[in-house]
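Trainee: Could you zoom in on one part of this model with me and talk me through it, cut-offs included?

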Amino acid sequence: AACDVVGAGAGALAAARLTGAAAALVEHVVLAAPPVELTDDEELLGALARVERLMLVLQGTRSSRPAAGVHELRRRVRSAFLVYVWDAGDALEADQPARVLALIDGFLKRSESFIVNWGTLAVNP
């Protein structure tokens with residue numbers, strides 16, 4: 001049976017590797033504040049580009065990581081959906097725990113309908 005994979009920070013790199021290696025076993029993927037190493041790994045990006053499962057990529061608006069990395073991930077992976085979390089740095093789950101939990105929970109529960117109508121969870125209310 002397929003499962004959901006969620007990783008934050010260095011865990012996002014592990015989640016991406018697991019997804020790239022065993023996409024058939026993955027239902028949804030959440031990469032929160034993925035490290036720069038993820039987008040520097042051409043082999044991993046190539047594997048993720050072949051994944052058809054929905055992928056939520058979360059990035060803080062105050063992240064110290066270059067935005068070019070998540071934009072490259074979004075560009076290369078057709079199934080990826082990028083959401084910026086307002087007033088969060090690289091530790092999204094610590095900076096905005098309720099907002100991040102609501103985003104992840106909504107994505108995992110609503111799948112495609114989350115992407116169509118994700119509301120105002122990621123913007124400054």
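Mentor: Sure, starting with burial: a residue is buried under 20% relative accessible area, exposed over 50% and partly exposed in between (1.4 Å probe, protein chains only). At 28%, Ala 102 is therefore partly exposed. Bear in mind that this is a predicted model, where local features need pLDDT of at least 70 and side-chain atom pairs count only at pLDDT 80 or more, while totals for chains, interfaces and linings use all residues. Residues are numbered from 1 along each chain as its sequence is written, and side-chain values use heavy atoms, with hydrogens and water left out.

Ala 102 sits in helix H6, residues 97–110 (helices, H or I, of at least four residues and strands, E, of at least two are DSSP runs, numbered from the N terminus). From Ala 102 to Ala 80 is 22 residues in sequence and 18 Å in space, C-alpha to C-alpha.

Now for Gln 59, which belongs to strand S3, residues 54–60. Its relative accessible area is 2%, so Gln 59 is buried. The Gln 59 side chain has a polar contact with the side chain of Ser 63 at 3.1 Å (a pair of N or O atoms within 3.5 Å; within protein, one must be able to donate a hydrogen and the other to accept it, and residues adjacent in sequence count only if both atoms are side-chain atoms). Leaving aside residues up to four places away in sequence, the residues Gln 59 touches include Ala 33, Pro 34, Arg 65, Tyr 84 and Leu 92 (contact means heavy atoms within 4.5 Å).

Follow that list to Ala 33, in the loop between strand S2 (26–32) and helix H2 (36–40). Ala 33 is buried too, because its relative accessibility is 2%. Its phi is near 50°, a positive value in a residue other than glycine. Asp 87 also has a positive phi, near 60°, and isn't glycine either. You'll find Asp 87 in the loop between strand S4 (80–85) and helix H5 (92–95). With 36% relative accessibility, Asp 87 counts as partly exposed.

Finally, the helix pair: the axes of H1 (residues 10–21) and H3 (residues 42–49) come within 9 Å and cross at roughly 60° (axes are lines fitted to C-alpha atoms, for helices over the stretch in contact, with angles from 0 to 180 degrees between N-to-C directions). The contact uses Leu 13, Ala 16, Arg 17, Thr 19 and Gly 20 of H1, plus Leu 44, Ala 47 and Leu 48 of H3.
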